[in-house]
Amino acid sequence: MKDKPMAFFSSKTKSRLVIAALIASIFLSSFLWFSTVSSAKISHHEPWDLQNYLFSKTLTIDGIEDNLSGLTFHPESGHLYGIVNNPEQIVIISKAGKLLRKIDLIGFSDTESIDYLGANQFIISEERQQTISFVEILDTTKQINYRDVKTLALLPPEKSNKGIEGIAVSQQHGLFFVQEKPARILHFALEIEEYTNQFDLMKNLQLDVGDFSGLTLLPGKEEKLLVLSDDSNSLHVINLKGQESSRIRLGSGPYQFWPKMKQPEGVATDLEGNIYIVGEPNQLLILSRTTPL
C-alpha cells in the first residue's frame, strides 16, 4: 500500500507555530537590543555605568492607591518625595518604600513630576498645562494652594496627555524637561541672562525608545541626565550634549525582557548613587550600586 501524503497542519498546530515564531522574534529583538548596548563604548571610569547596579524586588507602597508619577530625593531628611497626579498630592516615602506623609495640592491639575532645588524648595510640573510651580515644603506643610505659588508656563497647554513628563534642575544650566511623545529633551533657562541655545541639539536626541517618562540630574564633575522610558522599559545615562554613555533594561529573565514594573514614571538618586524608580499604580524599584560612587 502506498503511503498517504502527509496531512496539512491542524489549525491548533498552526496557531502554536505562529506563537512560537512570535516568541522567537521577540527574543531575537531583545538580543539585538542587548547586543547593541553591550557593544557601546563605555569608559572604565564612567561613574554612572548602569551595569554596576543590583535590582531589588518591585515594592508596592501601601497607602498610595494609584497614579504615582514623579520622584526626587531630599538629602536633608534622607527621604524620597513623590508626586501623584490624581488626586494631586506630594507623597513622602522612605528609601525602603514606606509612605510617611501626604501633602494635598489644592487647585493643581495633572501634576506629573517633581525636583528638589535646595533649602526646602521644590519645583513641580503640570503635564497638560506644561507649567512649573515653585513650592516650599516644611515638616509642618499639610497642603499647598495653587494661588499661593509662583508658576511659569514652559510651553502652550497640551490637549493630549503627552506634555511634560519629567523635570531636572541644574544650578549651572537651568531646567531640563522631557516630553513623552515625540520623545525629546528640552532646555529652559530660569534666568534670562543665562539663556543659551547650546542644548538645542538634545531636541533631536535619538535613543531608540518609544517615549520618555522620567528625568533626573546626576551630580558630578560632568553633569549628566538619567532618562527613563516607560514604553521601552529602559534607563539611559546621557551627557548634556545628548551623548549616551550607558543604558539598561528594567526587566528580568533572558536579556531582561520581562518588565519589572507596570509603568515606570519617575526616577531619582540618593547621595550614595543608588537609583529609585517609581511607577503607576504605586510601585517602587531600587537599583543599588555595587561600587562606590
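Two strands count as a pair if DSSP finds at least two bridges between them. With that in hand, open the model, which is a predicted one, and follow the stops below.

**Stop 1: the open sheet**

Select strands S7, S8, S9 and S11. These 4 strands form an open sheet, in the order S7-S8-S9-S11, with antiparallel pairing. Colour S7 and S11 separately: they stand at the edges, and each has a single partner strand, so one side of each is left without a neighbour in the sheet. From one strand to the next, the twist averages 25°.

Now keep S9, residues 131-136, and S11 on screen. The two run antiparallel and are joined by 4 bridges. Show threonine 131, which has alanine 153 of S11 opposite.

**Stop 2: the hairpin of S5 and S6**

Next, select S5, residues 88-93, together with S6. Here 5 bridges join the two strands, which run antiparallel. Valine 91 is a place to look, since lysine 102 in S6 stands opposite valine 91.

What lies between S5 and S6? The two form a hairpin with 5 residues between them. Pick out glycine 97 in the turn, where phi is positive, at about 95°.

Keep S6 and add S10. S6 and S10 pair in the parallel sense, over 3 bridges. Isoleucine 106 has asparagine 145 in S10 as its bridge partner.

**Stop 3: phenylalanine 108 and tyrosine 146**

Turn to the aromatic rings. The model has 4 aromatic pairs. Select phenylalanine 108 and tyrosine 146: their ring centres are 4.9 Å apart and their planes stand at 90°, so the pair is edge-to-face. Planes over 60 degrees apart are what that term requires.

Which parts of the chain does this pair tie together? Phenylalanine 108 lies in the loop between S6 (99-106) and S7 (111-118), and tyrosine 146 in the loop between S10 (143-145) and S11 (150-153), so the pair ties together parts 38 residues apart in sequence.

Switch on a surface for these two residues. Phenylalanine 108 is buried, at a relative accessible area of 7%. Tyrosine 146 is partly exposed, at 27%.

**Stop 4: a cluster of rings**

Move to tyrosine 116 and phenylalanine 122. The centres of these rings are 4.7 Å apart and the planes are at 50°, so this pair is tilted. Tyrosine 116 and phenylalanine 122 are both buried. Add Tyr81 to the selection: ring pairs link Tyr81, Tyr116 and Phe122 into a cluster.

**Stop 5: charges over rings**

Two further selections each combine a charged side chain with a ring. For one, show lysine 150 and phenylalanine 134; the charged end of lysine 150 sits over the ring of phenylalanine 134, 5.9 Å from the ring centre. For the other, show arginine 289 and tryptophan 48. Arginine 289 lies over the face of tryptophan 48, and the distance to the ring centre is 5.5 Å.

**Stop 6: the hairpin of S12 and S13**

Finish with S12, residues 164-170. Is this strand mostly covered or mostly open? S12 is mostly covered, with 7 of its 7 residues buried.

Add S13, residues 174-179. S12 and S13 run antiparallel and are joined by 6 bridges. Show glycine 166 and valine 178 as sticks; valine 178 in S13 stands opposite glycine 166. To see how the chain passes from S12 to S13, trace the hairpin that joins the two through 3 residues.

Definitions and conventions:
Residues are numbered from 1 along each chain as its sequence is written. This is a predicted model: local features need pLDDT of at least 70, side-chain atom pairs count only at pLDDT 80 or more; totals for chains, interfaces and linings use all residues. Side-chain values use heavy atoms; hydrogens and water are left out. Rings of Phe, Tyr and Trp (its six-membered ring) pair if their centres lie within 6.5 Å; planes under 30 degrees apart count as stacked, over 60 as edge-to-face and the rest as tilted. Buried means under 20% relative accessible area, exposed over 50%, partly exposed in between (1.4 Å probe, protein chains only). A charge sits over a ring if NZ of Lys or CZ of Arg is within 6 Å of the ring centre and within 35 degrees of the ring normal. Axes are lines fitted to C-alpha atoms, for helices over the stretch in contact, and angles run from 0 to 180 degrees between N-to-C directions.
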